[in-house]
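Student: Before we discuss this model, could you show me the sequence and the structure, and then take my questions one at a time?

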Amino acid sequence: MNRPNVAIVQGFIGSLMMWMGSLGVGWLSLASADLRRNPIIIWLRFEPAGAVLSVLLLAVGGMLLIRAWLRLGQRLNGWSDETRPYIMKAIIAWTVPLAACLPLFSRDVFAYIAQGQVMVAGLNPYVDGYSQISNYLQIGADDLWAQSATPYGPVFLWIEEGIVRITGGNPDTSIILFRVVALIGVALCVYFIPKLAELHSINANRALWLTAANPLFLINFVAAIHNDSLMIGLALAGLYFSATKRPLLGILLITLSVGVKPITLIFLPFIGLMWAGKGASWPRKFLYWFMTAGLCLGILWLMGLVNTFGFGWVGALSTPGSVWIWYAPIGFIGLVIATLGNALGLSGWDLANAFHTLARVASLVIIAVQVFRGDHSRLVRRLAFAFAAIVLLAPMIQSWYVVWLIPLFAVTGIRDDWQVKFMYITVAFFMVYAISDQLDIFPYFDLSLAVARQVAALVALGFALYLVFIDPSTKVLFRRRYSPLAPGQLH
């Protein structure tokens, strides 16, 4: 090993810079009276020089964290058992400053608080948006989803309600508790990813570095406080227990994951196949699929009985999927179709929507193929492909959707060739995009939000290009040709 602590310290500095930057451009509720009176935060948020400094700290810190992650991978080359303590040290050192950040890159945590208030008020979150809550804009929740149904399952609704009851709806203390929930998800990932990798004869230390030390994982699950952290953590735990012949515990954990965000329903048919066992006949497979679905839906039905909302989350599933984005392949092709259609005097967006629907149908076909065909020993890899079909064939891809996929591919093997290079580029792209996408800039001084985003994008993009083309330590990662390795070196 070649001095891994150097990379760990570099990443810690990057995370500290992001923490400092978050004080100036992270999301801050209008109701956060104590924080808004802090003299450091006042200078960073309400003085142009402070805002510029915050943007620069965030941009440089985020890209420095990527460099540290890449360099840690290089310095730990070999991935022996001796590397595990260094990876754990890196995860902790890089997580702690991000856990102290104001919410970065997403305002979803404020929506969680508002939805918790909907629950406390005795309203139905699958019918009533948080616009029903008085002064909901003071909380900081995004007005875009204010009248939308809550797209989360009963487990997360109870977490939202519990936190709001404990804090009385205070945004600052609520954010701390939601971050604790997110960190529980991170801890589950850190614990179960190496175990799942070992089941597949994949190097557990490299899998852990690819996932839990990954800056994309950390900014989405720690800095942005997405509930996807708990969803994936529970799902990976359920997958591990199902794969080690404890299917009932596995199904319970997967059901809890579905109760956070229902997208992990995709795990169920693969859990059923694990339960049925290798070489199972088709009647046996269908029996175990039926039992798996019956147990999961039965538990969810009981939850719906307790909270009186039933399966209301089914109707709310479309809430986050009603938009598209330019960098998603399907979203981009849809944009091209709409533009050409309009130019030809046709209804361009109707054509684009038809194409989006066709892509969703294609994803269902791929899922069906992965469920019904393939080797039993590759069940988790098949699940990874099925999940990837849902994400990549959608017109909207968020960076945390990509983080859903990374653990499943990492524990079944990401080769040290174009596959890992693709991950490096994906991580860099989404970091640059996140840094320039969501900044909370005070609207009443000369530095406009648009200018701040452009500054952030230029700095982050410049740093990314430096890593790819100039930095003598990291550019080899993007250029080196793949040469077949000996079996012991592959992972």
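Tutor: Helices (H or I, at least four residues) and strands (E, at least two) are DSSP runs, numbered from the N terminus. The model is a predicted one, in which local features need pLDDT of at least 70 and side-chain atom pairs count only at pLDDT 80 or more, while totals for chains, interfaces and linings use all residues. Residues are numbered from 1 along each chain as its sequence is written, and side-chain values use heavy atoms, with hydrogens and water left out.

Student: How many helices and how many strands does the protein chain have?

Tutor: Counting the DSSP runs just described, one arrives for the protein chain at zero strands and 23 helices.

Student: What is the radius of gyration of the protein chain, and why does it agree with a compact globule?

Tutor: The radius of gyration is taken over C-alpha atoms, and the globule rule is 2.2 Å times the number of residues to the power 0.38. The C-alpha trace spans about 70 × 60 × 55 Å along its principal axes. For 491 residues a compact globule would have a radius near 23 Å, and the agreement follows because the protein chain itself has 23 Å.

Student: What percentage of the residues in the protein chain is buried?

Tutor: Buried means under 20% relative accessible area, exposed over 50%, and partly exposed in between (1.4 Å probe, protein chains only). With the 491 residues of the protein chain as the base, the buried share is 54%.

Student: Which helix gives the most to the largest nonpolar core?

Tutor: A nonpolar core is a set of buried Ala, Val, Leu, Ile, Met, Phe, Trp, Tyr and Cys residues joined through side-chain atoms within 4.5 Å. The largest such core has 155 residues, and those with the most contacts inside it include M63, W69, W209 and F267. With 13 residues, the top contributor to this core is helix α4 (residues 48–75).

Student: Which residues is F267 in contact with, leaving aside its neighbours within four places in sequence?

Tutor: Contact means heavy atoms within 4.5 Å. F267 is itself one of the residues with the most contacts inside the largest core. Once its neighbours within four places are set aside, the partners of F267 are A235, L239, I254, L383, F387 and L408.

Student: Where does D471 lie, and which residue forms a salt bridge with it?

Tutor: A salt bridge is a side-chain nitrogen of Lys or Arg within 4 Å of a carboxyl oxygen of Asp or Glu, and by this rule the count comes to five. D471 is buried, with a relative accessible area of 1%, and its partner also counts as buried, at 14% relative accessibility. The closest N and O atoms of R67 and D471 are 2.5 Å apart. The pair links distant parts of the chain, 404 residues apart, with D471 in the loop between α22 (449–470) and α23 (475–479), and the partner, in helix α4, is R67.

Student: Is R165 buried or exposed?

Tutor: R165 forms a salt bridge with E161, at 3.0 Å from N to O. The two residues are separated by about one helical turn, because they are four residues apart in helix α8 (residues 154–167). E161 counts as buried at 16% relative accessibility, whereas R165, at 52%, counts as exposed.

Student: Which residue pairs with D228 in a salt bridge?

Tutor: D228 lies in helix α12 (residues 228–243) and its partner in the loop between α13 (247–258) and α14 (268–276), so the pair ties together parts that are 33 residues apart in sequence. Both D228 and K261 are buried. The closest N and O atoms are 3.0 Å apart, and the partner is K261.

Student: What is the phi of S201?

Tutor: S201 lies in the loop between α9 (171–199) and α10 (204–211), and with a relative accessible area of 63% S201 is exposed. Although S201 is not a glycine, its phi is positive, at about 55 degrees.

Student: Where is T308 placed?

Tutor: T308 is exposed, with a relative accessible area of 63%. T308 is a residue other than glycine with a positive phi, near 70 degrees. Its place is in the loop between α15 and α16 (312–316).
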